[in-house]
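Biologist: I would like to understand the labels people put on a model like this one. Could you take me through the reasoning behind them?

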Amino acid sequence: MLDGLGSNTAVQFVGGRLRLEKPGALAEPPLMKELRALVDGMLPRLGRPRPARCW
């Protein structure tokens, strides 16, 4: 099992314990801005509720 991990730098055994590196963020796809605008246009606009008066 450990033989296949030699080339994977994100997985290591240190002191008999498994150590995993956090993967880095992926680049944002080029059409993501358009997709966000499209989805944003489909969502309803909701007003903030008024705070209740407790007296």
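**From values to labels**

Modeller: Gladly! Val-11 has Leu-20, in β2, as its bridge partner. Do keep in mind that this is a predicted model.

Biologist: What makes β1 and β2 a pair of strands?

Modeller: Pairing asks for at least two bridges. Strand β1 (residues 11–14) and strand β2 (residues 17–20) are joined by four bridges in the antiparallel sense, so they qualify as a pair. The two strands form a hairpin with two residues between them, and in the turn Gly-15 has a positive phi of about 60°.

Biologist: And what comes along the chain as a whole?

Modeller: The order is β-β-α, with one helix and two strands. Pro-23 sits in the loop between β2 and α1.

Biologist: Why is Pro-23 called exposed?

Modeller: Exposed means over 50% relative accessible area. Pro-23 reaches 69%, so the label applies. As for its place in the fold, the C-alpha atoms of Pro-23 and Ala-10 are 7.7 Å apart, with their positions 13 residues apart along the chain.

Biologist: How do you know that Arg-45 and Asp-40 form a salt bridge?

Modeller: The cut-off is 4 Å between a side-chain nitrogen of Lys or Arg and a carboxyl oxygen of Asp or Glu. For Arg-45 and Asp-40 the closest N and O atoms are 3.4 Å apart, so the pair counts. Side chains of opposite charge can pair when their charged atoms come close.

Biologist: Are these two partners buried or exposed, or in between?

Modeller: Arg-45 is exposed because its 65% is over the 50% limit. Asp-40, at 36%, falls between 20% and 50%, so it is partly exposed.

Biologist: How many salt bridges does the structure hold?

Modeller: Two. Besides the Arg-45 pair, the side chains of Glu-28 and Arg-36 meet at 3.2 Å, N to O, and that value is also within 4 Å.

Biologist: What makes Val-39 eligible for a nonpolar patch?

Modeller: A patch residue needs over 30% relative accessible area. Val-39 has 38%, so it passes that test while counting as partly exposed. Val-39 lies in helix α1 (residues 32–42), and its companions in the patch are Leu-35, Leu-38, Met-42 and Leu-43. Together the five named residues offer about 490 Å² of accessible area.

Biologist: And how much of the chain is buried?

Modeller: Of its 55 residues, 2% are classed as buried, a label that asks for under 20% relative accessible area. The accessible surface of the chain is about 6,100 Å², with 60% belonging to carbon and sulfur atoms.

Terms used
Residues are numbered from 1 along each chain as its sequence is written. This is a predicted model: local features need pLDDT of at least 70, side-chain atom pairs count only at pLDDT 80 or more; totals for chains, interfaces and linings use all residues. Side-chain values use heavy atoms; hydrogens and water are left out. Patches are made of residues with over 30% relative accessible area and no salt bridge: like charges are joined within 9 Å, nonpolar side chains (Val, Leu, Ile, Met, Phe, Trp, Tyr) within 5 Å. Accessible areas come from the Shrake-Rupley method with a 1.4 Å probe; for residues, only the protein chains shown count as cover. Buried means under 20% relative accessible area, exposed over 50%, partly exposed in between (1.4 Å probe, protein chains only).
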